[in-house]
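Here are some worked exercises to try with the model open in your viewer. Have a go at each task before you read its solution.

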Amino acid sequence: MRVYFNLFCRDIEAQHAFYRALLGLPDLAHKRSALYCALDAGSTELGFNAAPAYELLSLAARQPPAGAPPPVTGYATFMLGTPAAVESAARATAALGGRVVKPPYATYYRERQAVLEDPEGNV
């Protein structure tokens, strides 16, 4: 099975560039359109949908108002290989236009974790 995780975006190209730089994932150029672009994360495809996709998917009534931050109803977790990689991603987030919501910390399940926002406010 292959999993697709998609974000609705105001600027799919900017979001694509942010995640590509942050995570070092390869582009799926053959999937690119005016409404969609994606990155290859192995068994997962990280996709970016332009605003017209709300209507295309019959979700227009759930589109947030222009300029409003998206509600947090779900989030992606990217498992990086080492605690140092988590620290590095947190540092890179701000430099790439995102925001560190919660700096890296040790979890109760013995992982290193940070809570980050992309440039459009997706957690």
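**Exercise 1. Which side chains does Asp27 join through polar contacts, and at what distances?**

Step 1. Start with His16: its side chain and that of Asp27 are joined by a polar contact of 2.8 Å. A polar contact here is a pair of N or O atoms within 3.5 Å; within protein, one must be able to donate a hydrogen and the other to accept it, and residues adjacent in sequence count only if both atoms are side-chain atoms.

Step 2. Now go to Arg32, whose side chain makes a polar contact of 3.2 Å with the side chain of Asp27.

Step 3. Place the residue. Asp27 sits in the loop between α1 and β2; helices (H or I, at least four residues) and strands (E, at least two) are DSSP runs, numbered from the N terminus. Its relative accessible area is 24%, so Asp27 is partly exposed (buried means under 20%, exposed over 50%, partly exposed in between, with a 1.4 Å probe and protein chains only).

Step 4. Widen the view to contacts, meaning heavy atoms within 4.5 Å. Not counting residues up to four places away in sequence, Asp27 touches His16, Arg20, Arg32, Ala38 and Leu39.

A note on the ground rules: this is a predicted model, where local features need pLDDT of at least 70 and side-chain atom pairs count only at pLDDT 80 or more, while totals for chains, interfaces and linings use all residues. Residues are numbered from 1 along each chain as its sequence is written, and side-chain values use heavy atoms, with hydrogens and water left out.

**Exercise 2. In what order do the three strands of the open sheet stand, and which are at the edges?**

Step 1. The order is β1-β3-β2, with mixed pairing. Two strands pair if DSSP finds at least two bridges between them.

Step 2. β1 and β2 are the edge strands; each has a single partner strand, so one side of each lacks a neighbour in the sheet.

Step 3. Ignoring direction, neighbouring strands in this sheet are turned by 20 degrees against each other on average. The axes behind such angles are lines fitted to C-alpha atoms, for helices over the stretch in contact, and angles run from 0 to 180 degrees between N-to-C directions.

Step 4. Zoom in on one pair: β2 and β3 run antiparallel and share six bridges. Leu39 stands opposite Leu46 in β3.

**Exercise 3. Which elements give two or more residues to the largest nonpolar core?**

Step 1. A nonpolar core is a set of buried Ala, Val, Leu, Ile, Met, Phe, Trp, Tyr and Cys residues joined through side-chain atoms within 4.5 Å. This one has 13 residues, and Leu7, Cys9, Ile12, Tyr19, Leu39, Leu46 and Phe48 touch the most other members.

Step 2. The elements asked for are β1 (3-9), α1 (12-23), β2 (36-41) and β3 (44-50). α1 gives the largest share, four residues.

Step 3. Take Phe48 as a case. Leaving aside neighbours within four places in sequence, its contacts include Leu7, Cys9, Ile12, Tyr19 and Leu39.

**Exercise 4. How many disulfides does the structure have?**

Step 1. A disulfide is a pair of cysteine sulfur atoms within 2.5 Å. Searching the whole structure turns up zero.

Step 2. For Cys9, the nearest cysteine sulfur is that of Cys37, 7.4 Å away, which is too far for a bond.

Step 3. Check the burial: Cys9 is buried at a relative accessible area of 4%, and Cys37 is buried at 0%.

**Exercise 5. Where do Arg110 and Ser58, with their positive phi, lie?**

Step 1. Recall the background: most residues other than glycine have a negative phi.

Step 2. Arg110 is not a glycine, yet its phi is positive, about 65 degrees. It lies in the loop between β4 and β5, a hairpin with five residues between the strands. β4 (residues 99-106) and β5 pair in the antiparallel sense over five bridges, with Lys102 opposite Val115 in β5.

Step 3. Ser58 has a positive phi of about 60 degrees, and its place is in the loop between α2 (52-56) and α3 (83-95).

Step 4. Compare accessibility: Arg110 is exposed at 77%, and Ser58 is exposed at 67%.
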